[in-house]
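Here's a quick walk through a few spots worth looking at in this model. Have the sequence and the 3D view open side by side as you read.

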Amino acid sequence: MTNVFEIPAIKFNQPLGTFYVFKMNASDLESVSYSSRAKYKKSGYLNNVFSPITGTQRDLDDRREEEIARFVNSVECAIPNSIVLGANMSEDGRLTKEDERWYATEDDNGVCKVVIPSKKKLASIIDGQHRLAGCLLSDRKNIELLVAAYLDLPLPYQAYLFASINGNQKKVPRSLAYELYGFGSDDEDRVLWSPEKLAVSLVRKLNFDDNIEYITNNKSKLYHKILLGAQYSESDNGFLSLAALVDSILSLITSNPKKDRDVILHYRNKKGRLQLESNHKIPLREEYIKGNDDEIERVIFDFVDVVFDSSRFDKSSYLYKTIGVQSLFSLLKRYLISSSKPFKKTEFESFCFPVWNVDFKNDYFTASGIGRSRITNTLYIATNLISPSDLKNEDDADKIQALINSSR
């Protein structure tokens, strides 16, 4: 696929995560970004209570757009503040396809580029929707704008940024993003927790909580190992993308995070999660609907304890790159669906035993979309979830079988 844009950028590392700053003209920016607008409905006339339904942004204000357009048309036009984006998260709350995702490159001299491979709207506008809309309404649709883009930033963190940036402005309710994406207080009723909030909460616990009761020595195997922000950057300790882990956990409890969130937060819904529909193809969905978050947490933490055991962990293995960990979660999902019994750590450990002898450093796997498919198929075949004959590609079937045979 020919890349649509390759833009020189400056890389910033801050406590919340990595982001890239670059310039882009308004019309090009509009072609690859979207704005998810929040809508309110009044649910109580006496106390003037409003309930959120969807989105994170305010509705566009036509008058404000026109004012900005007039300013852009003026001889004194200046827009030095940045449009803030969250790239690679679709409007339904999932990571976008591997071959369409924005990514960053960096050479030996620290010179960076942001690469946008597809002219699809795959970047959420976290802040600056009115500025962009005003530019597009003006006569200067190709005016250059400053852009700050986070790559793979989960929606709850996008909402957190939106609320933090706009929280002191009277027209923006600070609770808006928190209510919709659930980044706010853990004291709120868990029946209202969206899938994203639960997934982010679990990942944050794995990364920061040093008192996890399920983990040996009271510390998660992923303690301080999870990166927030750009998936493609690494530090001395961190090696896994927070967004990829959130996405993997979401796959165990929902098929459409946005739809679930909208149902939970609808002003007529008084039952929260209990209003959601069941789906037997999503193994932990019933636990999520019933609010059994402790059981979901136990499964996730026991799973992490097994697959990241120090005796088998090798950072150079493709199995422990982001694509490999996503494949391991796919294995967990398939295992949970196929099992009629409650998850037990010891049984899952025995189930995974054939996996650890396979050489996942082999160049056959590669760190790409096709690499993830190959790793997943290898995991399934090694654990007898499928047979080599189930694969459509005979070359892949033969190669995977050879790798497994050589490990025995």
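## T254 and its surroundings

T254 sits in the loop that links α7 (242-250) to α8 (257-264). Keep in mind that you're looking at a predicted model. Is T254 buried or exposed? Its relative accessibility comes out at 3%, and the cut-off for buried is under 20%, so T254 counts as buried.

What does T254 touch, once you skip residues up to four places away in sequence? The list is R94, P195, D260, I282 and R285. There's also a polar link close by in the chain: a polar atom of the T254 side chain lies 3.1 Å from the backbone nitrogen of N256.

## The loop between β10 and α4

R94, one of the residues touching T254, also gives us a way over to P154. The C-alpha atoms of P154 and R94 are 8.4 Å apart in space, while 60 residues separate the two in sequence. P154 belongs to the loop between β10 (144-151) and α4 (155-166), and at 1% relative accessibility it counts as buried.

D152 lies in that loop between β10 and α4 as well. Its relative accessible area is 0%, so D152 is buried too. Have a look at its backbone while you're there: phi is near 65 degrees, a positive value in a residue other than glycine.

## Another positive phi, at H224

H224 is a second residue to check for backbone angles. Its phi is near 60 degrees, again positive in a residue other than glycine. You'll find H224 in the loop between α6 (195-208) and β11 (226-227).

Is H224 buried or partly exposed? With a relative accessible area of 40%, H224 is partly exposed, whereas D152 is buried.

## The nonpolar cores

How many residues make up the largest nonpolar core? It has 76 residues, and the ones with the most contacts inside it are L222, I300, F308, L319, F329, L332 and F348. Pick L332 if you want one to zoom in on: leaving aside neighbours within four places in sequence, L332 is in contact with L252, V299, F303, F343 and F348.

Apart from that core lies another one, made of 30 residues. I68, A123, L132 and V147 are among them.

Methods
Residues numbered from 1 in each chain as written. Predicted model: local features only at pLDDT ≥ 70, side-chain atom pairs only at ≥ 80, totals over all residues. Heavy atoms only, no water. Helix = DSSP H or I, 4+ residues; strand = E, 2+ residues; numbered from the N terminus. Buried < 20%, exposed > 50% of the residue type's maximum accessible area, 1.4 Å probe, protein only. Polar contact = N/O pair within 3.5 Å; in protein donor to acceptor, adjacent residues only side chain to side chain. Contact = heavy atoms within 4.5 Å. Core = buried A, V, L, I, M, F, W, Y, C linked by side-chain atoms within 4.5 Å.
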